[in-house]
Amino acid sequence: MDLQTLSNLFATTYSPDPNIRKAAELQIRKIGNEEGMISALLQIIASDNTDLATRQACSVWLKNRVSATYTLEETSEPKRPDRGPIARTDRNALKASILPLLSTSPSRSINLQLASTLKNIVAHDFPDKWPGLLDEIKRLLVSNDIRQVHAGCVAALEAVRAFRFRQQSDVMPKIVAQLFPTLVTIATNMIQTPPSQSQEIPTMLHLILKTYKTSIVINLSAHQQSAESLVPWGQLLFSVVNLPVPKEVVPEDEEERERSEWWVAKKWAYATLGRLFHRFGNPSQLPSTMQQEYAAFAQHFVSMFAPEILNIYLRQVELYVSGQNWLSKKCQYHIFSFFTECVKPKSTWTLLKPHFETIVSTFAFPHLCFTPTKQALWENDPVDYIRVSVDEYESYATPVSAATTFLFSLAGNRTKTTFMPILGFINNILRSNSAPQQRFGALNMTAALGPWIMKHPEVRNNMEQFVQQFVTPEFSSPEPYLRSIACEVVGTVAKNGMTWSSEENLNANFHAVATALDDQEFPVRVHAALALTELIVSQESVRNQVAPQVGKVIQDLLKLSDETDIDILNHSMEVMVEQFQEELLPVAAQLTSRLCESYLRLARESNNQDSLDSSSNDLESIMADADDDKTYAAMGVAKTIWTIVTSVDSSPEILAQIQEIIIPIIVYTLNNKLLDLFDNMYDLIDSLTFKLHSVSPNMWPVFELTYQLFKNDAVDFLEEMLPSLDNFISYGAETIKQRTDYKQMLFDIYNTSITSDHLGENDRVNGCKLAESMLLNLRGHVDDLLQSIIATTFEGLEAAETNSLKLALLEVSVNCVLYNPSAALTLMETTRPGASRVFFNKWFAAINNEKLPRVHDKKLSIVTLAALMEVEPGMVPEPLREGWPSIVGGALKLFKDLPQAIADRKALEEALQDDDDDDDLDDEKVLNLNGDDEDVWDEDSAYLEMLASEGARLRAKSEKLASGDDVDDESEESDIEEELGYISPLDSVNPYAAFKQSLTAFQMRNPAGYQAATTALNVEEQTLLMEVMRLADEPPVAA
């Protein structure tokens, strides 16, 4: 196809006529894999005679083609006509043309497409297949043509981006050593030119600084640690931070100014200095796995560079708060983040300490006041105001969140020095008749620091007086934001253990919060609901007063939830259901129906959004437009429905009624494949079937849907499906026994879990649990599947690698024997001659080597060995006859260890109960009341240490695998622990009684075998046998 025809074809891809557009796309797909296609497109993109839109369309197609197929070997079979491997001639054309194209690109949009294309080529071909890349980039960087220098900056960034997450320090150091000295020289020269409205210098400065920051995501190369690199780069970064940007060279509108190239460049300078200190330059917080490589650098950085950074930042803050300079929000965020990093190390805290009160009062506090920005959001989008003010993840990279985190760090890490002055500042604001916006800020600080305040021995007992003096009066303030923050403070102190000495004071605040539920302003109502929730949980008297009106409170919460479509109120709803189970029981069905309506609305809206997203291939637009709020809100509503289900199990009639209301939302979710909500739906199915101990006729279509989904879109949801599938078998056994198709479905799920390449070993273990449930619950009704189960299990055993999977498959085999001993042993031999002996060898190896650790493992083997004792001698396969008497000794070995396993299980249950009791303590804030003469090592530090250690372990394992060395996976496996939630039909079986009964049958049916088995016992085993027989006559001990 000639260039003009190809150009015309791409021009029609943005035709307003969808039929013409579709025809062009299909034609491009047909010819997309032809050799020379890419070379032709490169010529079109370079042609100034072709219109811009067509060149843009060609560059987008080129980017997608390279992204999808550049890594394919030339001999690979194409999955689609336009998705085959790229020919060598086209690869060479790409490498020859892409850098020149970057320097002559007519638009930023085409430049972005070409840059992404370059990154993918570099990631695959450099250095082996493109050894001259760095020399080509350097030639651009030293050119006298500003467009070529710009292209060199873009190319340097993309080369670094191609390897930014690479753990091995093999490629990045070469790029850094060759390109970064040139880049820092260019940037240093550019910074000497006074800022102007021209965008060329700040754009390239932005690119150069971003390149440096991107290069230190994982590692800091030896070159970057050297003074040769660190000094010029450090001076450049300081210069950019200190550079005054005149008002006339940036937009007047603040939001546009934030996005201007000069302030973007400054943002990257701040971010880079922060990254250097946070990851590599802070010796007191440096993980042990990084000490060898970075300890010397960290010590040098914290003593020589960190103090200078701190002084520069303090100066920038001083200029900002005095109104002499403007700072973008991103720059303020990075300044706060650096200040926060300086709190824990002794060396930097010593420098920050004299300034913290000034920083808090003049820099942090204004962000926490009720600013014009907050006012505009409150008035224009109150739902978004709530989202931003309550959900920490909505605004984590803002100055407000960073200022709050800085306060947290001061309060928790340097309590002795900072806490009282901060509280003194709050009190001064509140006592001095300050403006309402500032009073909001002081109370906002109080709410933020509430968890620490309520832990402080000298402060917590004064909080009731504080609330009465400064908080309660604000409930009647004419300013709605003060009513809102009053609710938040009361909720915070209640949540963190406030003890009210006066019932009158408690009631005054409770009634004020209850009144605020009917406030005209939406944010006030939401904060009132959240505060009321905490009061109900913490105060019995409040709970008793709310009980008669709980119906109204629930209706208010439902209305608020529908207005917000965010999940912050779902916790309140769950608390109401848990706290008022008796009161809500008569209206449980009505409440569930209302919640199901909300869920369906949210699920439909989420589904519609997913459909819109799936029609776009642009990942960035999907990321930007996806409305996750609907999905998260639906999850929250589903959890509240689940809470209702768990709270009404005392009334099976109401629960059955609720189940019929819930089933339609389950069916809708599964039918529409709303995968994000599957976890919630299978929790509901599990709870309903388990608590009712039955499967209603309307629930069986859910079982069929589950099978269909597992075989198609949801094959990796077996873990979520398993409890429900087990309940279908356990409580719907009579139905399944009559349905051959249901039995075949269950076997197919098991067979797929063991044989599918798409599933991992954990899925295979879950499949084994399903097979075990079938064999135990459908005894005598899956005879026709027994041989298939045995064949699948043996196939899985041969491929199993982990101990947990080997045990799970072994126990499916044991269950087959328990299901029908004679038939199972015969089928084993039919499947594979000698297989029964192989199975017995593995089984007894597990028994003798204590590889059956759990109570269920031991009971299963005991009752199966007992069942084997009752097999007629003539039905024992020939390979097993010689060792048949050893089954008695095997059972006794298990009996010997069974009491300890039961004791361990009981201890685990008690420990779990204790953990549940301590759950509320997990988020408790810790105060550091010690002096300031030491580094602080806290939970965050320990967490980073753990992450670094785990990362180092995984890297070492990956490197071993890459070099072909053996990796000892077994040493990394965790012990197989008790599954306390696992319920089995064997739980009700007394193993002692079963063994005694079978031993008696063994003696009668096979006297010779019995004689051989008992005479082979040593003295200890004979004593144990007598003890087992004695215990068989006693009431069973709960296992």
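**View 1. Cys342 sits buried in this predicted model.** Its relative accessibility comes out at 0%, and since anything under 20% counts as buried, Cys342 lands in that class. Cys342 isn't part of any disulfide: the nearest cysteine sulfur belongs to Cys331 and is 17 Å away. Zoom out to the whole structure and the disulfide tally is zero.

**View 2. Cys768 is another buried cysteine without a disulfide.** Here the relative accessibility is 2%, so Cys768 counts as buried. For this residue the nearest cysteine sulfur is that of Cys816, 10 Å off, and Cys768 is in no disulfide.

**View 3. Helices H28 and H31 cross at roughly 30°.** H28 covers residues 522-538 and H31 covers residues 570-579, and their axes come within 9 Å. The crossing is left-handed. On the H28 side, the residues making the contact are Ala529, Leu530, Thr533, Glu534, Ile536 and Val537. Facing them from H31 are His571, Ser572, Val575, Met576 and Gln579. Sorted by class, that's six nonpolar residues, four polar ones and one charged.

**View 4. Confidence runs from a low in helix H34 to a high in helix H19.** H34 (residues 619-625) has a mean pLDDT of 37, while H19 (residues 356-368) reaches 97. Residues 614-627 stay under 50, with eight contacts beyond four places in sequence. Residues 918-923 are also below 50, and that stretch has zero contacts beyond near neighbours in sequence. Where pLDDT is low, don't read the predicted coordinates in detail. Chain-wide, the average is 89, and 92% of the residues score at least 70.

Note on methods: Residues numbered from 1 in each chain as written. Predicted model: local features only at pLDDT ≥ 70, side-chain atom pairs only at ≥ 80, totals over all residues. Heavy atoms only, no water. pLDDT = per-residue confidence, 0-100. Helix = DSSP H or I, 4+ residues; strand = E, 2+ residues; numbered from the N terminus. Contact = heavy atoms within 4.5 Å. Disulfide = S-S within 2.5 Å. Buried < 20%, exposed > 50% of the residue type's maximum accessible area, 1.4 Å probe, protein only. Axes fitted to C-alpha atoms, helices over the stretch in contact; angles between N-to-C directions. Left-handed = near helix turned anticlockwise from the far one by under 90°. Nonpolar A, V, L, I, M, F, W, Y, C, P; charged D, E, K, R; others polar.
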